[in-house]
Amino acid sequence: MTNAPSDEASATFKALLKTYRVRADLTQEELAEGSGVSVRAISDMERGVAKSPQRRTIEALATPLALTDEELTHLQKIAKQGRVQPAVTVLAAPAGIYDPPLVGALPPDLDDLTGRERDLDALRALTDDLRGNHRRSGHVAVLSGPPGTGKTSLAVRTAHDLAGDFPDGQLFLKLRGMSAEPNDPADVLHLILRSLGVDAVQVPAELEHRASLCRSLLKDRATLIVLDDAANEAQVRPLLVGGQRCLTLITSRQMLVGLERAGRLTLDVLEQHDAVALLASIVGPSRVAQERAAAIELVELCGRLPLALRIAGNRLASRPAWPLSRLTDQLRDRGRRLTTLTAGDLNVRSVFELSYRQLSPTAAAAFRRLSLVPAADFSDAAAMTLIEAPEEDVAVYLEELVDASLLQTSQDVGRYQFHDLLRVFATERLAQEEPPEAIEAAEGRLDQWLIRTATAAGRYFQPSGELTAPPVPTLSFDGPAGAGRWLEVETKNWFAALKRVAARGDHRQVIDLAESMHWYSEIGGAAVTWHGVFDLALKSALAIGSKRDEAVQRNYLSWVLSTLFGRADDAVRMAEQALAVAVEVGDLREQGWAKIYLLSARIRGGELPDSPDLFDDLVALFDAAGYPLGLHMARMSRATHWSANGRFAEAAAEFGTCVHYFRRPCEGPRTLVDDTNYAYLLLRSAQNLAALGELDDALGQCEEALDVFRAHGATMGQARALEAGGRFLRRRGEHANARGRLSEALALFERIGHPQSQVDILCELASLSDEAGDPVSARGERERALSICDRLSSTEATKLRERLTERLNAS
């Protein structure tokens, strides 16, 4: 029987610490900042919760507390007296059988658990809830999570904190679930019985009898039992022998979902600020403060995994002359990252290997091959492609990986994600265990699936008049809503696959995907994505010498440059090149589109057309091509030009003709693009109605357009409709409503990356602020607009920059 800790010693320590802190005129937060010890740890020490701080912690406190050598020595002596273990009956195992003993007093507590304060509170709350539920059987809490997240440390800290609630003792049992030979439950029960005072010759031979005897002995005792590193439910179930006054706390990389009536807490990686705080507690706050950017990058390269951070911190602490950036440079090399994360006997790779070796062969293969997915998250369909297994089998393997904490479920239903370092480990295993030809084949299957599915998704967004065949449903979606959602969540994956396919020379696939995406690019996605897609497709068209495809892709790029990036000059040049190629091959349709994009870009850049006859020529060109959609798009452009030149009545009539065309019943099923084209037409018509002074009708058309865009999730369209509605509301004097609409539009334009529109709306908001008598807000909005203008290169942006600068100088 060990001795209980000295209450006098712990009381003296907490009193001394608080006395020294008050003498130094420091708050707990200031002491934490100066020492690198967490606020929570300092609070626990002063409250007597943490009775045995380690030497390194006390030394860290000494400098900000200005302790003399004698005071430091005395404080360390008092702390050492408090490290005597809590009362627990322990009988050692027979020599040579178990090394170290399976059962015994709690391990020493860590100096602190920086970054885990919220998890510690959650675990304490969980155990409180369990113990508040009065039932006959014992209370069980399962603490699970990926390897290296610090489950055992958190469990040990909690057990130390709760020690006073369990006067009959605490038992700590190492189950070695991740070892090649996990401990047999019968052997563990034998040691529990011996620790409870049962003579060896009286220990029953049968597992069930041993468990029954344990339950009878613990029936009325208040005992805390920690089962550390459990392999699975089968190992744990016979060990749940505590009575209603007992608490059993289990740590496991497995989620142990088969255990009934257990409370659960899953550990994840640290938040960024907590990860930086943990690093600072090891290497010192001053080093982190001096290289804040390097520290942030370092914790991200460590995946914010506590074990990796402690290893990185220990390496830096043992090399005080190293700048943090030196280790950061080493960690950037993915091929050597896990090797770099080694400090003495601490090794991230070996910790991962323990879990990996527990997997079934097919689950292990899935784990390795999933590292080929370009983005961090993926669907079960991607896994099916990589391991070539039926859907129901793949689901089982993925859940096995989740249960082993080697994968995590994503927030999106049916999707999974890797921890960064586990993905690096999976990449290593793939290279070591599979031949290059098998890896290449798996990656090729994944890329082909992503490209085929993305192309099929894009075809849901074609106008009805351009559909050569109905869109084809896939296992991932069966309509435009599902297709749009798939394109959004899989953007990083299909875009990366497109780059790899282009690099392999599969140019027709690249062009087909880009062509299918053209109309969708007006509805969803980010500007940088569409520039990348159409640029790759242009390069593919040039590679195979297809002039028609070159003209098409140059037209698409002109639209992106003008509409999404506000780079009117670049858009004009691209449209001129598209027109020249289209004329060379005699493609009237692409000539018409090139002229639309050319005129649009020039107008956006502040250059009005030389002659209104250009629009008449454009209408005639599409009419000659027998292309009604293009014809009415050209008529809409002509009406827009008439409106811009004050011919409002003529423009209203032309807009009316176009509205009639886009409202008509379609030959086939009406598509999302039919609706969005109609909604964009309504916005242009609304601008003309506003110019005629018909603000009510203009707002009505804006609202109708906004409803259409929202129904289909068309982000760009929603932003345009909100912007127009905000401007009309301002003209009607409804300033509060106008600001609300404009602010919504600004947020959407920021999300999709449309700087020119952000500038336009900020200028409108500044004018609203002026009218409201708020010059401070107006100046802030103009300064923000000016900062965005500095990133634009169009002629119009230059003029706007000059006007903003002049206005700011005058204010």
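Helices here are DSSP runs of H or I with at least four residues, strands are DSSP runs of E with at least two, and both are numbered from the N terminus. Counted this way, the protein has 39 helices and eleven strands.

A word on the ground rules: this is a predicted model, in which local features need pLDDT of at least 70 and side-chain atom pairs count only at pLDDT 80 or more, while totals for chains, interfaces and linings use all residues. Residues are numbered from 1 along each chain as its sequence is written, and side-chain values use heavy atoms, with hydrogens and water left out.

## The whole protein

Let us start with the overall picture. The C-alpha trace spans about 105 × 65 × 55 Å along its principal axes. Of the 811 residues, 55% count as buried; buried means under 20% relative accessible area, exposed means over 50%, and partly exposed is in between (1.4 Å probe, protein chains only). The accessible surface of the protein comes to about 34900 Å², and 51% of it belongs to carbon and sulfur atoms. Such areas come from the Shrake-Rupley method with a 1.4 Å probe, and for residues only the protein chains shown count as cover.

A contact means heavy atoms within 4.5 Å. Among contacts between residues at least 6 apart in sequence, 69% join residues at least 24 apart.

The protein has 93 positive and 112 negative charges, and their mean positions are 3 Å apart. Lys and Arg count as positive and Asp and Glu as negative, with His and the chain ends not counted; each charge is placed at NZ of Lys, CZ of Arg, CG of Asp or CD of Glu.

## Strands and their partners

Two strands pair if DSSP finds at least two bridges between them. Strand β3 (residues 170–174) pairs with β4 (residues 224–228) in the parallel sense, over five bridges. Within this pair, Leu-171 stands opposite Ile-225 of β4. Strand β3 is mostly covered, with four of its five residues buried.

Elsewhere, an open sheet of three strands follows the order β9-β11-β10, with antiparallel pairing. Its edges are β9 (377–379) and β10 (408–409); each has a single partner strand, so one side of each is left without a neighbour in the sheet. Three bridges join β9 to β11 (residues 415–417), and Asp-377 has Gln-417 in β11 as its bridge partner. As a general reminder, side chains in a regular strand alternate between the two faces of the sheet.

## Three residues up close

The table lists the setting of each residue and its relative accessibility.

| Residue | Setting | Relative accessibility |
|---|---|---|
| Thr-455 | helix α22 (residues 436–458) | 8%, buried |
| Ser-643 | helix α31 (residues 628–644) | 13%, buried |
| Gly-525 | loop between α25 (507–517) and α26 (527–544) | 42%, partly exposed |

The contacts that follow leave out residues up to four places away in sequence. Thr-455 touches Asp-512, Leu-513 and Ser-516. A polar atom of the Thr-455 side chain also lies 2.8 Å from the backbone oxygen of Ile-451.

Ser-643 touches Phe-648, Ala-651 and Asn-688. For Gly-525, the residues touched are Tyr-520, Trp-530 and Ile-752. The C-alpha atoms of Gly-525 and Leu-331 are separated by 32 Å, and these two residues are 194 residues apart along the chain.

Conventions. A polar contact is a pair of N or O atoms within 3.5 Å; within protein, one must be able to donate a hydrogen and the other to accept it, and residues adjacent in sequence count only if both atoms are side-chain atoms.
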